[in-house]
Amino acid sequence: MTKIVTCIAPVNIAVIKYWGKQDEELIIPLNDSLSGTISTEFMCAKTTIMVSPLLTENKFWLNGKEQSFDNKRLNNCIQEVRRRANPELPQLNWKISICSENNFPTAAGLASSAAGYACLVSAFAALYEIKGDISSIARRGSGSACRSIYGGWVRWCKGVKNDGSDSIAKQIAAASHWLEMRVLILVVNDTRKKYSSTDGMQRGVKTSELLKYRSQTIVPRRIEAMVKAINEKDFHTFARLTMEDSNQFHAICLDTYPPCVYMNDTSHGIAELVHLYNEYKASNKVAYTFDAGPNACLYLLESEVEEFLAVINEAFPPRENQVDYLRGIPVTNRCIPEKMRLSLNIKRHEEGMLKYIIHTKIGDGPQLSHRPEDHLLDEAGLPKR
Ligand code: DP6
């Protein structure tokens with residue numbers, strides 16, 4: 001009678017940011033946002049869910065540690081999937097066992113809740129046989145999670161209804177549309193206290209005048225320009241809009257009172273390096289974007305990766321003997337052309353300012369598996385590890 005399914009789901013990186021809610025409980029945003037879905041090959045969340053009449057309690061493990069089931073957002077998601085299911089399904093009354101992990105270190109400070117909730121909701125949707133769009137359910141776990149329900153380039157439309165039923169994600173282009181697109185994630189060493197995006201944006205809505213202007217006036221036109229740039233594969237414009245939006249988002253964080261400071265000196269050093277490189281190339285070849293932390297996400301085309309990585313290595317050298325500095329898609333090591341080195345006059349930072357770099361690309365949405373060897377739970381509904 002037991003039902004079990006495993007899902008893997010992607011991380012997404014916004015190029016037009018979501019920042020600010022008009023409804024805290026339903027997680028309805030103040031503005032539309034747009035992101036690229038990152039391939040699950042090197043970064044993903046994995047979740048196994050079992051429902052069974054043999055289970056006696058609801059249980060939840062995250063990254064090897066048991067968690068309380070008494071979590072509002074988790075329960076909102078479960079309530080919402082159940083509401084959408086055929087009420088006659090027997091499994092709706094069975095207890096639940098959930099085991100979830102990320103294949104990238106959470107200590108790196110990379111947003112994992114988006115992939116996590118997209119994964120959880122996709123698995124529940126399979127177990128409770130739900131049809132149609134489930135992004136509005138994933139949204140109840142974490143706003144940005146709704147965009148991880150689809151692959152490629154995804155727009156979260158804020159919607160107009162008070163119940164949030166039309167606040168959903170839509171794919172604007174598949175991963176195959178812009179095959180040359182690559183992503184470099186620069187994991188920055190940082191020891192400062194972290195504050196969550198949920199708290200940061202709440203404070204922003206209360207205190208930042210700029211946030212209001214951004215969500216009502218800037219984003220509506222910027223997002224249309226971004227959709228056009230992606231459709232036309234116009235990298236120069238795509239990069240400008242991405243960097244402008246990231247900078248504006250962090251300006252709003254500083255306009256928040258008390259301010260939220262997410263970028264550190266290394267983050268600013270990376271942004272500076274990108275502008276230096278783009279100026280040398282006389283067009284935008286690399287775009288940076290920063291979320292609620294110091295790590296940089298760089299979008300660039302495949303043709304640019306080797307050379308720009310050489311520039312990064314020069315500016316942000318790894319610690320001596322570090323073996324796994326570059327992870328993900330392999331790249332041939334290259335030196336910077338002498339002319340470029342002289343002209344760029346790159347500032348060499350101390351070793352180890354970056355923990356490591358992940359080289360990846362745009363990918364597909366969540367994938368389900370029914371193969372026993374993929375499950376994180378054993379037949380009794382307990383974590384295998
Ligand atoms: C900076 O989705 O983590 O990454 O809805 O409160 O869970 P909650 O917030 P969350 O916010 C993500 C903010 C961001 C920008 C983005 O991904 O669009």
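Here are some questions and answers about this predicted model, starting with the ligand and moving on to the sheets and loops.

Q: How many residues surround the ligand, and how do they split by class?
A: The closest residues include Tyr 18, Arg 73 and Ser 142. By class, the shell has seven nonpolar, five polar and five charged residues. The number of residues that surround the ligand is 17.

Q: Which residue offers a polar backbone atom 2.7 Å from an oxygen atom of the ligand?
A: Let's go through the polar contacts, where the N or O atoms must be within 3.5 Å. Lys 21 has a polar side-chain atom 2.8 Å from a ligand oxygen, and Thr 198 brings an N or O atom of its side chain to 2.8 Å from a ligand oxygen. Those two use their side chains, whereas the residue with the backbone atom at 2.7 Å is Gly 143.

Q: What percentage of the ligand's exposed area does the protein bury?
A: Start with the ligand taken alone, which exposes 460 Å². Of that area, the protein buries 94%.

Q: Which helix gives the most residues to the shell around the ligand?
A: The shell draws at least three residues from domain 1 (3-174 + 368-374) and at least three from domain 2 (181-361). Among the helices and strands, the one that gives the most supplies three residues and spans 197-207. That element is helix α4.

Q: Why is one side of β13 and one side of β15 left without a neighbour in the sheet?
A: These strands belong to an open sheet of five, with the order β13-β14-β12-β16-β15 and mixed pairing. β13 (286-290) and β15 (326-328) are found at the edges, so one side of each has no neighbour in the sheet. The reason is that each has a single partner strand.

Q: By what angle are neighbouring strands of this five-strand sheet turned against each other on average?
A: The sheet in question runs β13-β14-β12-β16-β15. With direction ignored, the average turn between its neighbouring strands is 25°.

Q: Which residue in β14 is the bridge partner of Leu 184?
A: Strand β12 covers residues 181-188 and β14 covers residues 296-301. The two run antiparallel and are joined by six bridges. In β14, the partner of Leu 184 is Leu 298.

Q: Which strands stand at the edges of the sheet of four strands?
A: This open sheet has antiparallel pairing and the order β2-β5-β10-β11. Its two edge strands each have a single partner, so one side of each lacks a neighbour in the sheet. They are β2 (12-16) and β11 (168-173).

Q: Which residue in β5 stands opposite Ala 14?
A: β2 pairs with β5 (residues 33-37) in the antiparallel sense, over four bridges. Opposite Ala 14 in β5 is Ser 35.

Q: What is the omega of the cis peptide bond between Tyr 257 and Pro 258?
A: Pro 258 is found in the loop between α6 (235-255) and α7 (265-281). The cis bond joins Pro 258 to Tyr 257, and its omega is about -10°.

Q: Where does Glu 129 have its place, and what is its phi?
A: Glu 129 lies in the loop between α2 (113-127) and α3 (135-138). Although Glu 129 is not a glycine, its phi is positive, at about 55°.

Conventions. Residues numbered from 1 in each chain as written. Predicted model: local features only at pLDDT ≥ 70, side-chain atom pairs only at ≥ 80, totals over all residues. Heavy atoms only, no water. Near = heavy atom within 4 Å. Polar contact = N/O pair within 3.5 Å; in protein donor to acceptor, adjacent residues only side chain to side chain. Areas by Shrake-Rupley, 256 points an atom, 1.4 Å probe, with all protein chains shown as cover. Nonpolar A, V, L, I, M, F, W, Y, C, P; charged D, E, K, R; others polar. Domains from an automatic or database assignment. Pairing = 2+ DSSP bridges. Axes fitted to C-alpha atoms, helices over the stretch in contact; angles between N-to-C directions.
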